[in-house]
Amino acid sequence: APWRPRMPWQRQQPAGDRNAAGTTDKQHKARRASEAARQWVERGVIAEAKMELREALSCYINAVTLDPDDVELICRLAKQWSDLTYEDGATVEHIQEVNAKAVEYADRAITMAPKVSAAVEQRWQRNTLAREGERTRQ
């Protein structure tokens, strides 16, 4: 029989590279990190709703540490840094520092994925306008 190249899906994977679910160890670790990051985001959202700005920031930092390539997490972190400008007793220097951090993360998100960053920003703006509309009706 003539020699024929084997397509990637026809090649056998070395033993130990895949687990019982058929994923590689690297994929499994990435999925676990992403799930853990989502748990930190959930905690951050709750803290944010309670206006616990520093706690929310800490949660988002933990999430980004676990999943540094998730653009939405980077955008959340940028927004949270910006939100620290509303802390009671914030000095001009403090506001400048936290805004600089916010810009740093926003730039990072834009560099990572310009179209996704814009979509996340638009969704955030819609949500912010909706919340402000609810406050004015109350």
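**Figure 1. The whole chain runs α-α-α-α-α along its sequence.** In this predicted model, the protein chain has 5 helices and 0 strands. Of its 138 residues, 27% are buried. The average pLDDT of the protein chain is 81, and 76% of the residues score at least 70. If you are choosing where to zoom in, note that H2 has the highest mean pLDDT among the elements, at 94, while H5 has the lowest, at 71. Where pLDDT is low, the predicted coordinates should not be read in detail.

**Figure 2. A close-up of the largest pocket, with a volume of about 940 Å³.** Its lining is made up of 30 residues, and those nearest the centre are Glu48, Lys79, Asp83, Trp124 and Arg131. Helices H1 (25-49), H2 (53-66), H3 (71-83), H4 (92-112) and H5 (114-137) each give two or more residues to this lining. H5 gives the most, with 11 residues. By residue type, the lining of the largest pocket holds 16 nonpolar, 4 polar and 10 charged residues. Before you set up anything around this pocket, please recall that H5 is also the element with the lowest mean pLDDT, 71.

**Figure 3. Methionine 51, in the loop between H1 and H2.** Here is a backbone detail to look at: phi of methionine 51 is near 65°, a positive value in a residue other than glycine. Most residues other than glycine have a negative phi. The side of the story told by accessibility is simple, as methionine 51 is exposed, with a relative accessible area of 57%.

**Figure 4. Helix H2 and its buried residues Leu53, Ala56, Leu57, Cys59, Tyr60, Ala63 and Val64.** Viewed down the axis of H2, these buried residues fall within an arc of 165°, so they line one face of the helix. The length of H2 works out as well: its 14 residues should span 20 Å at 1.5 Å a residue, and the end C-alpha atoms are indeed 20 Å apart. Cysteine 59, which sits in helix H2, has a relative accessible area of 2% and is buried. Between cysteine 59 and leucine 77 there are 9.2 Å from C-alpha to C-alpha, with the two residues 18 apart in sequence.

**Figure 5. Helix H3, largely enclosed by the rest of the structure.** That description holds because 10 of the 13 residues of H3 are buried. They are Val71, Leu73, Ile74, Cys75, Leu77, Ala78, Lys79, Gln80, Trp81 and Asp83. Two of these names may look familiar: Lys79 and Asp83 are also among the residues nearest the centre of the largest pocket. From its first C-alpha to its last, H3 reaches 18 Å, close to the 18 Å expected at 1.5 Å a residue.

**Figure 6. Helix H4, with buried residues His94, Val98, Ala102, Tyr105 and Ala109.** Down the axis of H4, the buried residues fall within an arc of 65°, so they line one face of the helix. Residues three or four places apart point the same way, because an α-helix has 3.6 residues a turn. On the other side of H4 you will find exposed residues: Val92, Glu93, Gln96, Glu97 and Thr111. For the 21 residues of H4, a span of 30 Å is expected at 1.5 Å a residue, which agrees with the 30 Å between its end C-alpha atoms.

Technical notes: Residues numbered from 1 in each chain as written. Predicted model: local features only at pLDDT ≥ 70, side-chain atom pairs only at ≥ 80, totals over all residues. Heavy atoms only, no water. 1 Å grid on protein atoms, 1.4 Å probe; cavity = no way out; pocket = protein on both sides within 12 Å on 5 of 7 lines; lining within 4 Å. Points joined across faces, edges and corners; volume = space filled by probe spheres on them. Helix = DSSP H or I, 4+ residues; strand = E, 2+ residues; numbered from the N terminus. Nonpolar A, V, L, I, M, F, W, Y, C, P; charged D, E, K, R; others polar. Expected span 1.5 Å × (residues − 1). Buried < 20%, exposed > 50% of the residue type's maximum accessible area, 1.4 Å probe, protein only. Arc of directions from axis to C-beta. pLDDT = per-residue confidence, 0-100.
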